[in-house]
Amino acid sequence: MNVILCSSNMLKGLYDISGVEVGQHLYWQIGGFQVHAQVLITSWVVIAILLGSVTVAVRNPQTIPTNGQNFFEYVLEFIRDLSKTQIGEEYGPWVPFIGTMFLFIFVSNWSGALLPWKLIELPHGELAAPTNDINTTVALALPTSVAYFYAGLTKKGLGYFGKYIQPTPILLPINILEDFTKPLSLSFRLFGNILADELVVVVLVSLVPLVVPIPVMFLGLFTSGIQALIFATLAAAYIGESMEGHH
Amino acid sequence: MANMVMASSKNLLPSLHPQPPTPKPHLPIPTQTQTQTPLSFPSLKSAALTAAIALSPVSAAMAAEMEKAALFDFNLTLPSIAAEFLLLMVALDKTYFTPLGKFMDERDASIREKLGDVKDTSSEVKQMEEQAAAIMRAARAEVSAALNQMKKETSVEVEAKLAEGRKKVEAELEEALAALERQKEETIAALDSQIAALSDEIVKKVLPV
């Protein structure tokens, strides 16, 4: 019993020292439903950053682009390139979806690492990247599923469901299972990476407040970018896969 | 920590001590002399939980805090974020992807067109250069032909003059030679008559008649 109490106390002590708040949420009641307020607040900030910078930079496009416009043209080229590689020649209508996916996740992830959210005290929970909440990642993964079903159905009609028995009907269960594993893996990959990343930084900061966490923070920035790229690339790949003709 | 990860911890931890859920209670850590609970639990985990709940106010407060900790806590946040995402997609499409993409495509097309024009003029320039080279060649040929002709003409003239001069010189020479010959014959004839007279005289003087 002593051991148990001891470990419990130690746990409590660590918990207090590090100030890590995992799974703590600020709840708002909206019409009998609960929402995680900190996620909504940070997502609004992210959306404001995106829309604000875009409107400022692209309001009056010049033939010879200036700094901001140049940057956003580069981003657009990047997104187009990504969609074209994954989807093929008919990538045009999907650029907004893939692009918004990439930009939203990227800015969310980086906001968690770069914006000083901790300066704003909440009564419960804390502000962090919106993507470290499972609700956000599932909310991004489910539209991806809808998108690739929509892409396949509009391209091939009901013949789209023929892919479930390709190349052989034996694979039918696995093919159906894939439709569930795709959003699951998408959302959990993003969620786990971002949460783990922020946790590692917070724990390291609590242990050694100076210098040591900096490389981990940079690693976190790198991982965040990669995760955004992976999410967008996979979404595009799923869409492209459901649009291509089966052989 | 493990408890926090479990969303189901709500059911596992009934709040035996009704306390106001303070976010971070900083209570003194209890002494370890309070352990009186019998060890009659089947599993170590439930033992730990019960111990954590029953033993101290700190553990109870921590339990209350952990009770709210939920990583996999789905609620209205999910659809609202999805709606936000879709709205953001529409907004970005209206303000960014479509206008800037269109602008970039148009610029691309215009640059391509201009580039094509430049290629056309370059062929024109080449043609003009060829023309210029042809003109130069023709001019050079003309000049050299004129030069040759002039040379020929002048040489003919010079030769004619030369021949004339030579003829004149020859004629004068002949005349001079003829004059010389005549003079010679005259002198010879004069000499002959003198010789005859002289010999007559010599004969007269030598031969006394």
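**Note on the predicted model, chains A and B**

1. Chain A contains 7 helices and 2 strands (helices are DSSP runs of H or I with at least four residues, strands runs of E with at least two, numbered from the N terminus). Read from the N terminus, the order of its elements is α-β-β-α-α-α-α-α-α.

2. This is a predicted model, in which local features need pLDDT of at least 70 and side-chain atom pairs count only at pLDDT 80 or more, while totals for chains, interfaces and linings use all residues; side-chain values use heavy atoms, with hydrogens and water left out. Residues are numbered from 1 along each chain as its sequence is written, and chains are lettered from A and ligands numbered from 1 in the order in which they are written.

3. The model scores are ipTM 0.84 and pTM 0.64. For chain B the mean pLDDT (the predictor's confidence in each residue, from 0 to 100) is 75, with 67% of the residues at 70 or more. Within chain B, helix α5 (residues 77-206) has the highest confidence, at a mean of 91, and helix α1 (residues 2-5) the lowest, at 41. Residues 1-58 of chain B have pLDDT below 50, yet this stretch makes 78 contacts in the model beyond near neighbours in sequence (a contact means heavy atoms within 4.5 Å). Where pLDDT is low, the predicted coordinates should not be read in detail.

4. Of the 247 residues in chain A, 46% are buried (buried means under 20% relative accessible area, exposed over 50%, partly exposed in between, with a 1.4 Å probe and protein chains only). The exposed area of chain A is about 12100 Å², 72% of it from carbon and sulfur atoms (Shrake-Rupley method with a 1.4 Å probe; for residues, only the protein chains shown count as cover). Among contacts in chain A with a separation of 6 or more, 67% join residues 24 or more positions apart.

5. A:Ser108 belongs to helix α4 (residues 95-114) of chain A. It is classed as buried because its relative accessibility is 0%. Apart from neighbours within four places in sequence, A:Ser108 contacts A:Val46, A:Ala129, A:Pro130 and A:Thr131.

6. Over all chains there are 15 aromatic pairs (rings of Phe, Tyr and Trp, the last by its six-membered ring, pair if their centres lie within 6.5 Å; planes under 30 degrees apart are stacked, over 60 edge-to-face and the rest tilted). A:Tyr148 and A:Phe149 count as stacked because their ring centres are 5.3 Å apart and their planes lie at 20 degrees. A:Tyr148 is buried at 1% relative accessible area, whereas A:Phe149 is partly exposed at 24%. A:Phe161 and A:Tyr164 are also stacked, with centres 6.0 Å apart and planes at 15 degrees. Here A:Phe161 is partly exposed at 37% and A:Tyr164 is buried at 9%.

7. These four residues belong to one aromatic cluster, made up of A:Tyr148, A:Phe149, A:Tyr160, A:Phe161, A:Tyr164 and A:Tyr238. Two lysines sit over rings of the cluster (NZ of Lys or CZ of Arg within 6 Å of the ring centre and within 35 degrees of the ring normal). A:Lys182 is over the face of A:Tyr148, 4.7 Å from the ring centre. The charged end of A:Lys163 is over the ring of A:Tyr164, 5.4 Å from its centre.

8. A:Val211 is not a glycine but has a positive phi of about 60 degrees. A:Val211 lies in the loop between α6 (172-207) and α7 (213-243) of chain A, and is exposed, with 62% relative accessible area.
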